[in-house]
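Here is a short set of exercises to work through with the coordinates open beside you. Try each task before reading its solution.

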Amino acid sequence: MSKARPILFCLLIAFSFSAGATTTNSLVWHKTADHVDADIRGEALWPLLEDIAHKTGWHIFVEPGTERNASAKFQDLPSGEALKMLLGDLNFALVPQTNAPAHLYVFRTTMQNATRQVTIAKASRRVANELLIRVKPGTDVDALAKMIGAKVIGRMEKLDVFLLQFGDAAATDAALAQLQNNSDVLAVDYNYYLDPPPVAQPVSSSILPSGVGPVSLTLNPPTPGDSCSPIVGLIDTGIQSQSLGNLGPSVLPSISVAGDSGSGVVALPTHGTAMLQTILRAVSQVSGGSSSVRILPVDVYGTGETTTSWNVALGVQAAVNNGATILNLSLGGSSDSSVLESVIQQAISGGVVIFAAAGNTPVSTPTFPAAISGVNDVTALGSPGQLASYANFSPQVDMALPGASVIFLGSQAYVVQGTSPATAYATGVAAGTKNVNCMTWTQILSAMQTKFPVPTK
């Protein structure tokens, strides 16, 4: 990586945005300005504190037995006044920490009694009536499905992986227990939902650092079969063709495994568009503005706000089958699917390099598929040498890169924040370095772990 240019840390702009607000209650924490907007109606204390912890990165401790339903509506209040409105007659103390997130104590009697920590790890969510299975070669999966009252609605024949559908959740649960004891079944899991991706936020070009504009990259026509001209499989939402500009030659025709994409009529940049530009910005920085790296977009979301283990597995297989040698998975969830893991391990055993996002919750519990063995697990920096306040710091994390990226749709600038752009940067650095220096993937990954170490929490 001796020729690689440094990542532009000037892109680490402290833009804040609301993530995951519910349909009935809204809480927006503007961390840069330290101001809060809220429209909360009858929300119980614990989920409210989980929301605050998620948005601020604070470690929150509550006196056991403390209860309250919050109702408040305000805009642009300083955080201290906002907490008074949200917590009402409860006592609280916000205590700054050295090189660590602040601690918020919520209590009725004394601060010392606030001992129960609010955790913000997300519960597993699954498609209620679907199972993923991987079977032994030669197994008659249709006969197996009929025996347990299921329909086969998805097939990955080459990998002996299938998607089964049942009449209801109870039948699904009963079949899971049966299949776990079936000698023809190598792995079986629920079909889990993954977390929705972060949304890009518009910003004024006037506040961007000098020199930060749309990505400029020229495609050097690759030689067919050249292993040093990697194809990056971008496993994500759909991309917007109008966002490509001069990047068009570096982008291969999109594939969708989730039906029609709604990206063509979306006003804001899709997550896939943001990740594509971030990858190619990193490639441009590494290569000096010209490269034979190409991106293969694979849409695993379609028109949905989220995706599933099955669609990600389909996306991985589609990317590999169409020549991708490096994959970007700026997505994840809390559930570990052994069936998805088997598909990913198959790709890794074939020499494919995979980068995945560590997750945007500041906990030490792993996010999947990033935590799968052999996947490069990427977390985010908030400033050089410091983890972002929202960033996952599980032991499986391999490297940390900038957690903010500036992208463009037309003349409008946007910023996207999280471990998603950090992962895209990592993918772009790896792909660009492979193209420039033609090092082995082992050499590149070793150099990246040295160059982009994970700061201690």
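**Exercise 1. A backbone check**

In which loop is D160 found? Locate it, then look at its phi angle.

*Solution.* Please keep in mind throughout that this is a predicted model. Step one: D160 sits in the loop between strand 9 and strand 10. Step two: the phi of D160 is positive, about 55°, although this residue is not a glycine. Step three: turn to the two strands that the loop connects. Strand 9 and strand 10 (residues 161-165) pair in the antiparallel sense, over 5 bridges. One residue pair to display is M156, which stands opposite V161 in strand 10.

**Exercise 2. From a strand pair to a sheet**

Work out the strand order of the sheet that holds strands 9 and 10, and find which helices pack on it.

*Solution.* Step one: 4 strands make up an open sheet, ordered 9-10-8-11, with antiparallel pairing. Step two: look at the edges. Strand 9 (151-156) and strand 11 (185-192) each have a single partner strand, so one side of each has no neighbour in the sheet. Step three: add the twist, which averages 25° from one strand to the next. Step four: bring in the helices. Helix 6 (residues 309-321) packs on the sheet and touches strand 8 (126-135), strand 9, strand 10 and strand 11. The direction of helix 6 makes about 30° with that of strand 9. Helix 7 (residues 338-349) also packs on this sheet, touching strands 8, 9, 10 and 11. For helix 7, the angle to the direction of strand 11 is about 110°.

**Exercise 3. A three-stranded sheet**

Describe the open sheet with the order 1-2-4 in the terms used above.

*Solution.* Step one: this open sheet has 3 strands and antiparallel pairing. Step two: its edge strands are strand 1 (26-30) and strand 4 (69-78), each pairing on one side only. Step three: the twist from one strand to the next averages 15°. Step four: strand 1 pairs with strand 2 (residues 35-44) in the antiparallel sense over 5 bridges, and H30 has H35 in strand 2 as its bridge partner. Step five: helix 2 (residues 79-87) lies across strands 1, 2 and 4, running at about 165° to strand 4.

**Exercise 4. The disulfide**

How many disulfides does a search of the whole structure find? Identify the cysteines and classify their exposure.

*Solution.* Step one: the search finds 1 disulfide. Step two: the bond joins C228 to C438, with an S to S distance of 1.6 Å. Step three: place the two ends, which are 210 residues apart and link distant parts of the chain. C228 lies in the loop between strand 13 (218-219) and strand 14 (231-236), while C438 lies in the loop between helix 8 (419-437) and helix 9 (441-451). Step four: compare accessibilities with the cut-off, where buried means under 20%. C228 has a relative accessibility of 9%, so it counts as buried. C438, at 43%, counts as partly exposed. Step five: check the backbone of C438, whose phi is positive at about 55° although it is not a glycine.

**Exercise 5. Nonpolar cores**

Which residues have the most contacts inside the largest nonpolar core?

*Solution.* Step one: recall that nonpolar side chains tend to be buried together in soluble globular proteins. Step two: the largest core has 46 residues, and those with the most contacts inside it are L276, L280, I326, F355, M399, L401 and M448. Step three: helix 5 (residues 271-287) supplies the largest share of this core, 8 residues. Step four: another core of 37 residues lies apart from it, including M156, L159, L296 and A371.

**Exercise 6. A cis peptide and the confidence values**

Where does P369 lie, and which peptide bond leading to it is cis? Then look at the pLDDT along the chain.

*Solution.* Step one: P369 is in the loop between strand 19 (353-357) and strand 20 (376-383). Step two: the bond from F368 to P369 is cis, with omega near 15°. Step three: the chain averages a pLDDT of 89, and 92% of the residues score at least 70. Step four: the pLDDT is below 50 over residues 2-10, a stretch with 21 contacts in the model beyond near neighbours in sequence. Over residues 12-24 the pLDDT is also below 50, with 33 such contacts.

Technical notes
Residues are numbered from 1 along each chain as its sequence is written. This is a predicted model: local features need pLDDT of at least 70, side-chain atom pairs count only at pLDDT 80 or more; totals for chains, interfaces and linings use all residues. Side-chain values use heavy atoms; hydrogens and water are left out. Two strands pair if DSSP finds at least two bridges between them. Axes are lines fitted to C-alpha atoms, for helices over the stretch in contact, and angles run from 0 to 180 degrees between N-to-C directions. Contact means heavy atoms within 4.5 Å. pLDDT is the predictor's confidence in each residue, from 0 to 100. A disulfide is a pair of cysteine sulfur atoms within 2.5 Å. Buried means under 20% relative accessible area, exposed over 50%, partly exposed in between (1.4 Å probe, protein chains only). A nonpolar core is a set of buried Ala, Val, Leu, Ile, Met, Phe, Trp, Tyr and Cys residues joined through side-chain atoms within 4.5 Å.
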